Amino acid sequence: MAGDESVVARLFVIPLVLVAGAKSKATLADIVPDIGEITALLETHGAVGATRNFGLSNALAPLQTLGRITPSQVYRWTHNFTASGVPREIEAEAIEVAPGREQVHPRFLIGAGIARRVAPSFLETAANRPDGHPLGAPGRGGHGRDSHQHELGVRRHSA
C-alpha cells in the first residue's frame, strides 16, 4: 500500500458564547434542536476543511463537562469509534437566565470528523475558505459578519 489508509476520528470542540437577558427568570434548552442546520452551515462555508464525514453533538456542554472527559476516553473515541460499548454521551446543561441583567453562558459543541490518518485535520484546514479568505472575514459571497448573523438566525428576543 502506498500510504496509511487507516482512518481515525478526530475530535474538536466549538466554543459558543451565549448572552441572554430576561425580565423574569427563564430556562433555555440544553440542546440544539436541529444540529443539522449548524452542520450544513459549516459545510457550506468551508469551515470543515477537507473533512466530509463529521458530526456534532447537539448537547450544549458546559466547561465542567469538558473537564470530566479523560485522555483515555479521547483515545477510545478516536481509535475505536465503531466499537460498541464505547460511551459517547455528552452531558448538557440548561441555561438558567436570572432576571434583570444580561449574562454570559459559555457552552461547547463537541464533534468528530472521520478522516484518513494522514489527511490534514479539521483544525488544520478549517480556518481557510475555498476563496482563500480566512473564515469569518468579509469576502466574495457575503461571508462577512452581517451575512453570518442572518444565516445563523441571530435574533434579539425579549422575555
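**Exercise 1.** Which residue's side chain meets that of Glu 91 in a salt bridge? Determine the partner and place both residues in the chain.

*Solution.* The structure is a predicted model.
Step 1. The partner is Arg 68, with an N to O distance of 2.9 Å. This value satisfies the criterion of a Lys or Arg side-chain nitrogen within 4 Å of a carboxyl oxygen of Asp or Glu.
Step 2. Glu 91 belongs to the loop between α3 (71-79) and β4 (95-97), and Arg 68 to the loop between α2 (63-67) and α3; the pair thus links distant parts of the chain, 23 residues apart.
Step 3. Glu 91 has a relative accessibility of 46% and counts as partly exposed. Arg 68, at 45%, also counts as partly exposed.

**Exercise 2.** How many salt bridges does a search of the whole structure find? Characterise the one formed by Glu 93.

*Solution.*
Step 1. The search finds two salt bridges.
Step 2. Glu 93 pairs with Arg 107, and their closest N and O atoms are 3.5 Å apart.
Step 3. Glu 93 sits in the loop between α3 and β4, whereas Arg 107 is part of strand β5 (residues 103-116), so the salt bridge ties together parts 14 residues apart in sequence.
Step 4. Buried means under 20% relative accessible area. Arg 107 is therefore buried, at 5% relative accessibility, while Glu 93 is partly exposed with 37%.

**Exercise 3.** Which residues make up the largest nonpolar core? Identify the elements that contribute to this core and examine Leu 42.

*Solution.*
Step 1. The core has 10 residues in all: Phe 12, Val 32, Ile 35, Leu 42, Ala 47, Val 48, Phe 54, Leu 56, Leu 60 and Leu 109.
Step 2. At least two residues of this core come from each of α1 (35-44) and β3 (53-56).
Step 3. With neighbours within four places in sequence left aside, Leu 42 contacts Ile 14, Ala 47, Val 48, Phe 54 and Leu 56.
Step 4. There is also a second, separate core of five residues, among them Ala 59, Ala 61, Trp 77 and Ile 90.
Step 5. In soluble globular proteins, nonpolar side chains tend to be buried together.

**Exercise 4.** Describe the chain as a whole.

*Solution.*
Step 1. The chain contains five helices and five strands, arranged along the sequence as β-β-α-β-α-α-β-β-α-α.
Step 2. Among contacts with a separation of 6 or more, 77% join residues 24 or more positions apart.
Step 3. Of the 159 residues, 31% count as buried.
Step 4. The exposed area of the chain is about 10100 Å², of which carbon and sulfur atoms supply 57%.

Notes
Residues numbered from 1 in each chain as written. Predicted model: local features only at pLDDT ≥ 70, side-chain atom pairs only at ≥ 80, totals over all residues. Heavy atoms only, no water. Helix = DSSP H or I, 4+ residues; strand = E, 2+ residues; numbered from the N terminus. Buried < 20%, exposed > 50% of the residue type's maximum accessible area, 1.4 Å probe, protein only. Core = buried A, V, L, I, M, F, W, Y, C linked by side-chain atoms within 4.5 Å. Contact = heavy atoms within 4.5 Å. Areas by Shrake-Rupley, 256 points an atom, 1.4 Å probe, with all protein chains shown as cover.
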